[in-house]
Amino acid sequence: MTEVATAEFLAALDQFDQPGKDEEPAAEAETCRARPRRMKQLERGDLQPSGTLDLHGLTRDEALPRTRAYLAHAARQGWPVVLLITGKGLHSPAGPVLRREVERLLADARDLVLEWGVAPRRHGGDGALAVFLKKLS
């Protein structure tokens, strides 16, 4: 497939990934949004990310298993918060595909993830997600 055909295919595929009318994505997103108190601690520097995973340049097929493995490792280590650098998707013909896919993964990883949100500006802003992890025993 050419790059143009691949981009068109991915754009068409994204249309199928949209939630149906029966689903309530807003309710799911609310349960995963980071509490303002945690984000303010991160913004002020009272809480520091224990690690960072940079996903720039990866395809979704490369990024998702790597992200899941990283989150599992971080949770086993007892890290309270990590950063996932997804980029803003400005150079992607289909927009921020990777960001959407990573957020879906976070929503499904309730065994590891407490909540997440857009990272404070000092930690990447719109191009990064701050992920607050559960402590695994």
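User: Which residues have the most contacts inside the largest nonpolar core?

Analyst: This is a predicted model, in which local features need pLDDT of at least 70 and side-chain atom pairs count only at pLDDT 80 or more, while totals for chains, interfaces and linings use all residues. Residues are numbered from 1 along each chain as its sequence is written, and side-chain values use heavy atoms, with hydrogens and water left out. A nonpolar core is a set of buried Ala, Val, Leu, Ile, Met, Phe, Trp, Tyr and Cys residues joined through side-chain atoms within 4.5 Å, where buried means under 20% relative accessible area, exposed over 50% and partly exposed in between, with a 1.4 Å probe and protein chains only. The largest such core has 23 residues, and those with the most contacts inside it are Leu 71, Leu 84, Leu 106, Val 113 and Val 131.

User: Which element gives the most residues to this core?

Analyst: Helices (H or I, at least four residues) and strands (E, at least two) are DSSP runs, numbered from the N terminus. The elements giving two or more residues to the core are α4 (60-77), β2 (81-85), α5, β3 (113-118) and β4 (128-133). The one that gives the most, with six residues, is α4.

User: How many residues does helix α5 have, and what length does it reach?

Analyst: The expected span of a helix is 1.5 Å times one less than its number of residues, and for α5 (residues 97-108) this comes to 16 Å. From its first C-alpha to its last, α5 comes close to that value, with twelve residues and a reach of 17 Å.

User: Why does the salt bridge between Arg 38 and Glu 115 tie together parts that are apart in sequence, and how many residues apart are they?

Analyst: A salt bridge is a side-chain nitrogen of Lys or Arg within 4 Å of a carboxyl oxygen of Asp or Glu, and the side chains of Arg 38 and Glu 115 meet in one at 2.7 Å, N to O. Arg 38 lies in helix α3 (residues 36-44) and Glu 115 in strand β3, so the parts tied together are apart in sequence by 77 residues.

User: Is Arg 104, which forms a salt bridge with Glu 101, buried or partly exposed?

Analyst: Arg 60, Glu 101 and Arg 104 are linked in a network of salt bridges, and the closest N and O atoms of Glu 101 and Arg 104 are 2.7 Å apart. Glu 101 is buried, with a relative accessible area of 10%. Arg 104, at 30% relative accessibility, counts as partly exposed.
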